[in-house]
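Colleague: I have a model open and would like to talk it through slowly. Could you help me read it?

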Amino acid sequence: AVRAFRSGRMVTGERLTRLEHERRLSYQDAFNPVMRNYRADIEIEPAADGTTSINWHGTYSTRWGMGWLAGPYLQRYMQKMADGLASHAEKVANP
């Protein structure tokens, strides 16, 4: 499955490459004007104390001259996405 995402004026597409229900999601870029070879994995690991660990890891290369901007931007953007995922998971667990 390929899904498009909009952030401001930027539109990117990601292709689902692996899905393990409630455990792991892997995807890669389908179209992205700034990054190339983007691949990421999201792993969700429940703990015995009832909490859950989210590990979101990705690799990519950028167009020439964009590397200095992509790293800090992606770190902030992905943190917002992980925080949103955690918030959603908490709402589902505690309706």
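Modeller: Let us begin with a term: helices and strands here are DSSP runs, a strand having at least two residues, and they are numbered from the N terminus. In that numbering Glu14 lies in strand β2, and please keep in mind that this is a predicted model.

Colleague: Okay, what is the nearest side chain of opposite charge to Glu14, and how far away is it?

Modeller: That is Arg3, which is 9.8 Å away, and Glu14 has no salt bridge although Glu14 is buried.

Colleague: Then which residues does Glu14 touch, not counting those up to four places away in sequence?

Modeller: With those left out, Glu14 touches Ala1, Val2, Arg3, Phe5, Tyr27, Gln28, Asp29, Ala30 and Tyr38.

Colleague: Let me pick Gln28 from that list. Where is Gln28, and is Gln28 buried or exposed?

Modeller: Gln28 sits in strand β3, and Gln28 counts as buried because its relative accessible area is 18%, where the cut-off for buried is under 20%. The side chain of Gln28 is joined to that of Arg39 by a polar contact of 2.5 Å. Not counting residues up to four places away in sequence, Gln28 touches Gly13, Glu14, Arg15, Thr17, Tyr38 and Arg39.

Colleague: New topic: which residues make up the largest nonpolar core?

Modeller: There are eight residues in all, namely Tyr27, Val34, Met35, Tyr38, Ala40, Ile42, Leu74 and Met78. Two elements, β4 (35-46) and α1 (67-93), give two or more residues each to this core, and β4 gives the most, with four residues.

Colleague: And what is Met78 in contact with, leaving aside neighbours within four places in sequence?

Modeller: On that basis, Met78 is in contact with Tyr27, Tyr38 and Trp56. Tyr27 and Tyr38 are also members of the core we just went through.

Colleague: Switching to charges, how many salt bridges does a search of the whole structure find?

Modeller: The search finds three. One is between the side chains of Glu20 and Arg18, at 2.4 Å from N to O. Glu20 is partly exposed, with a relative accessible area of 26%, and Arg18 is partly exposed as well, at 39%.

Colleague: What about Glu45 and Arg23?

Modeller: Their side chains meet in a salt bridge of 2.6 Å, N to O. This pair links distant parts of the chain, with Glu45 in strand β4 and Arg23 in the loop between β2 and β3, 22 residues apart. At 42% relative accessibility Glu45 counts as partly exposed, and Arg23 is partly exposed at 41%.

Colleague: And how far apart in the chain are Glu43 and Arg24?

Modeller: The side chains of Glu43 and Arg24 form a salt bridge of 2.2 Å, N to O. That pair, too, links distant parts of the chain, since Glu43 is in strand β4 and Arg24 is in strand β3, 19 residues apart. Both are partly exposed, Glu43 at 30% relative accessibility and Arg24 at 22%.

Colleague: Last one: where is His21, and is His21 buried or exposed?

Modeller: His21 is in the loop between β2 (10-20) and β3 (24-31). With a relative accessibility of 69%, His21 counts as exposed, because the cut-off for exposed is over 50%. The side chains of His21 and Glu22 are joined by a polar contact of 3.2 Å. Between the C-alpha atoms of His21 and Ile44 there are 9.9 Å in space, while the two residues are 23 residues apart in sequence.

Note on methods:
Residues numbered from 1 in each chain as written. Predicted model: local features only at pLDDT ≥ 70, side-chain atom pairs only at ≥ 80, totals over all residues. Heavy atoms only, no water. Core = buried A, V, L, I, M, F, W, Y, C linked by side-chain atoms within 4.5 Å. Buried < 20%, exposed > 50% of the residue type's maximum accessible area, 1.4 Å probe, protein only. Contact = heavy atoms within 4.5 Å. Polar contact = N/O pair within 3.5 Å; in protein donor to acceptor, adjacent residues only side chain to side chain. Salt bridge = Lys/Arg side-chain N within 4 Å of Asp/Glu carboxyl O. Lys, Arg positive; Asp, Glu negative; His and termini not counted.
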